[in-house]
Amino acid sequence: MARVLITGMGAISPLGADLPTSFAQALAGHCAIGAATPDIARWLPNVLQASAAAEPASLLDGKHAGLDRASQFALVAANEALAAANFGPAPDDARRVGVYVGIGFGGAHTVDGLYDRFQAAVHSDGKRNPVMVHPLSVPRMMANAPAAAISMGYGLRGPSHTYTVACASSSVAIGEAFRAIRDGYLDAAVVVGCEAMLTPGAMLAWNALRVMAKPHAANPARSCRPFSQDRSGFVLGEGGAAIVLESEARADARGQQALAELCGYGSSSDAAHLTAPSSAEQIHAMQQALDDAGLRPQDIQYLNAHGTATDAGDVTETESIRGVFGTAAEQLAVSSTKAMHGHLIGAGGILEFALSVMAMRSGSLPPTATLEQPDPRCDLDYIPLQARHGCDIRAIMSNSFAFGGSNVSLVAKRV
């Protein structure tokens, strides 16, 4: 089986228009959470959101202006990752290079736009025709539109797969691309997670679940408070992140330096409840990832937690980490970066994994930036308030646990 190396990474997030800026802002403990836009606040005055730090269209060629916002995020992140990997368009082995994408709700902005146009037409006294919509509306809203844009943009002729597994979508995409390369089906893959769900329709639906954070009285930017006694839920964010995976042989052949080795992937299903988590299956996913990597619990120095700041979720994840790591949990540093960039759903797993790789390479660990008073039931080292520097990090784990009961853990180590 081939070793699988990470040779490029990129991101556009609420913390920054690229990955280095996003990581620097995470280390600074910057919380990129604010009030909802007027079209959302009109109906949900107390709802917060984490908007991207830059407009994706401004970072792309004008020909991409017609794409759905989620596809634009995907292209921006992929462009950065591929440039970092010195990966040119239409490589000679294009049929051996795949595109793997994770997204929660494809085309949310396109769908909302269609309903706005329809409502405007039917309320215009017959002066507008509600059936007159853009002919590319369906291709724009398809979940696989980001994968298609990247495949066509770079002439990549390997398989293009899209995974829609709620909050675990892009983590599943990473894991499945990893297996394809490790087992010899591909030599490389571009893996992307993207999400653009900050629309009135989507936000109304999320608000109905009663999992959204209430504005913090002292500072609304600090409203997402994972593992805190006063946590009240998460804040939806938007953006995209990407990584380039290659077999060791391919990277060596072209002289490309690796950033890290992706070495473990575990996945499980609760098969119990749509929204309530299961500690037993989270444990199974984490243990699978460790076994896949050939590592012991004490070999992991940092874990990026799913950490959504929901009451049940944070306690269950704490129990699960203790269940896997045992006594090694006392030496494990853990944080939830969602406190700063919000919950990016389909893009969440890959953004958090990329930040974890950056942490491993730099020796600086991002904090759980809003953790002022920990819940006694969440009793791990959750790196409260401030980043930790000068750490010797040889291996990391990143968790993504989704509505629907899908659990994913990923493990990477230094090269």
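Hi everyone, let's begin in the middle of a sheet: eight bridges join strand S6 to strand S7, residues 239-247, and these two strands run antiparallel. What I'm showing you is a predicted model, so please keep that in mind as we go.

Let's stay with S6 for a moment. To pick out one pair along its border with S7, Ala 188 stands opposite Glu 246 in S7. S6 also pairs with strand S4, residues 97-103, this time in the parallel sense, over seven bridges. Here you can look for Val 101, which stands opposite Val 192 in S6.

Now, how many residues of S6 are buried? Eight of its eight residues, covering 188-195. If you follow the side chains, Ala 188, Val 190, Val 192 and Cys 194 point one way, while Ala 189, Val 191, Gly 193 and Glu 195 point the other way, and all are buried. Notice that Glu 195 is in that buried list, and Glu counts as a charged residue.

Let's move along the chain to strand S11. Like the strand we just left, S11 is mostly covered, with eight of its eight residues buried. On one side you find Ala 395, Met 397, Asn 399 and Phe 401, and on the other Ile 396, Ser 398, Ser 400 and Ala 402.

Which strands pair with S11? One of them is S9, residues 302-304, which pairs with S11 in the parallel sense over three bridges. In that pairing, Asn 304 stands opposite Ser 398. Another is S12, residues 406-413, which runs antiparallel to S11 and is joined to it by eight bridges. There, the bridge partner of Asn 399 is Ser 409. S11 and S12 form a hairpin with three residues between the strands, and in it Gly 404 takes a positive phi near 95°.

Since we're talking about positive phi, here are two residues that are not glycines. Arg 210 has a positive phi of about 60°, and its place is in the loop between helix H8 and S7. Is Arg 210 buried or exposed? It counts as exposed, because its relative accessibility is 77% and the cut-off for exposed is over 50%. The other one is Ala 271, with phi near 55°. Ala 271 is found in the loop between strand S8 and helix H10, and it is exposed too, with a relative accessible area of 77%.

Let's finish with the pockets. Rolling a probe the size of a water molecule over the atoms shows where empty space is left. The largest pocket has a volume of about 350 Å³. It is lined by 18 residues, and those nearest its centre are His 64, Leu 67, Leu 75, Ala 149 and Met 152. Helices H3, H5 and H6 each give two or more residues to that lining, and the largest share, six residues, comes from H6. By type, the lining has eleven nonpolar, four polar and three charged residues.

The second largest pocket has a volume of about 290 Å³, and 26 residues line it. Nearest its centre are Thr 275, Pro 277, Thr 308, Phe 401 and Phe 403. You have met Phe 401 already, as one of the buried residues of S11. In fact, S11 and helix H11 each supply at least two lining residues, with the largest share, four residues, coming from H11. This lining divides into eleven nonpolar, twelve polar and three charged residues. Thanks for listening!

Definitions and conventions
Residues numbered from 1 in each chain as written. Predicted model: local features only at pLDDT ≥ 70, side-chain atom pairs only at ≥ 80, totals over all residues. Heavy atoms only, no water. 1 Å grid on protein atoms, 1.4 Å probe; cavity = no way out; pocket = protein on both sides within 12 Å on 5 of 7 lines; lining within 4 Å. Points joined across faces, edges and corners; volume = space filled by probe spheres on them. Buried < 20%, exposed > 50% of the residue type's maximum accessible area, 1.4 Å probe, protein only. Pairing = 2+ DSSP bridges.
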